[in-house]
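Let's take a friendly walk through this protein together. Have the sequence and the model at hand as you read.

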Amino acid sequence: MISCTAMLALTVWPAAAGSATVLYSRGSDTAMRILASHNSERARLRVAPLQWDPQLAASAAAYGPMLARIGRLQHSPRATRPGQRENLWMGTRGSFSPEQMVATWINERREFRPGVFPNVSRTGNWYDVAHYTQLIWTGTTRVGCAIHSTAQWDYLICRYSPPGNVDGRIVGMN
């Protein structure tokens, strides 16, 4: 685990034909921007900042080719990522900044109400706020993300640890 200021290198992993996973582990401006977007919202709520974790970023990057193959968002099986939670985003390649990608999750706060998980959504459906609650979960201390691009799509995969969205736990009442 390293802080954002200690990041030093960018690695591109080839994947399926016409796609690549960009793993932001050390040195990427994009990694710092993704982390800053997370931490800006956490600071607004007085939640401790997340630290960048290159192992979580590698775990996220490893899932990018699967998303490219299926062409839609589908969470990886929890058994393949013990001790981690996952946020996924998908959009037209090159059309969204890292901040806009993360903002999609942050915008779920419109439907969020502080409380005991999973009873934290104004709509009555916790799925409507699950990305947001993971992003602000006070027990989560580390994040690592990757962007996987195909000819048509960008996929943002973020992995979090320790995992949030735990039934029976309080969220948003700091």
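## Surface and burial

Accessible areas here come from the Shrake-Rupley method with a 1.4 Å probe. By that approach the protein exposes about 8300 Å², and carbon and sulfur atoms supply 53% of it. Please keep in mind that this is a predicted model.

How much of the protein is buried? Of its 174 residues, 47% count as buried, where buried means under 20% relative accessible area.

## Overall layout

The protein has four helices and eight strands. Following the sequence, you will meet them in the pattern β-β-α-β-α-β-α-β-α-β-β-β.

Contacts that reach along the chain add to this picture. Among those between residues at least 6 apart in sequence, 66% join residues at least 24 apart.

## Helix α1

Helix α1 covers residues 29-44, and it gives us a neat check on geometry. At 1.5 Å a residue, its 16 residues should span 22 Å; the end C-alpha atoms are 22 Å apart, which agrees.

Which residues of α1 are buried? They are Thr30, Ala31, Ile34, Leu35, Ser37, His38, Asn39, Glu41 and Arg42. As a reminder, an α-helix has 3.6 residues a turn, so residues three or four places apart point the same way. After α1 comes Arg46, with a positive phi near 60°.

## Strand β6 and its partners

Now turn to strand β6, residues 142-149. Seven of its eight residues are buried, so β6 is largely enclosed by the rest of the structure.

β6 pairs with strand β3 (residues 51-52), running parallel to it through two bridges. Here Gln51 is found opposite Arg142 of β6. With strand β7 (residues 153-161), β6 pairs in the antiparallel sense, over eight bridges. One residue to look for is His148, whose bridge partner in β7 is Tyr155. The link from β6 to β7 is a hairpin of three residues.

## The largest pocket

What is the volume of the largest pocket? It is about 290 Å³. The lining of this pocket has 13 residues, and the closest to the centre are His75, Glu86, Trp126, Ala130 and Asn165. The elements that give two or more residues to the lining are β4 (85-92) and α4 (130-136).

Methods
Residues are numbered from 1 along each chain as its sequence is written. This is a predicted model: local features need pLDDT of at least 70, side-chain atom pairs count only at pLDDT 80 or more; totals for chains, interfaces and linings use all residues. Side-chain values use heavy atoms; hydrogens and water are left out. Buried means under 20% relative accessible area, exposed over 50%, partly exposed in between (1.4 Å probe, protein chains only). Contact means heavy atoms within 4.5 Å. The expected span of a helix is 1.5 Å times one less than its number of residues. Two strands pair if DSSP finds at least two bridges between them. On a 1 Å grid over the protein atoms alone, a cavity is a set of points where a 1.4 Å probe fits but cannot get out, and a pocket is an open set with protein on both sides within 12 Å along at least five of seven lines; lining residues have an atom within 4 Å of a point. Grid points are joined across faces, edges and corners, and a volume is the space filled by probe spheres set on the points.
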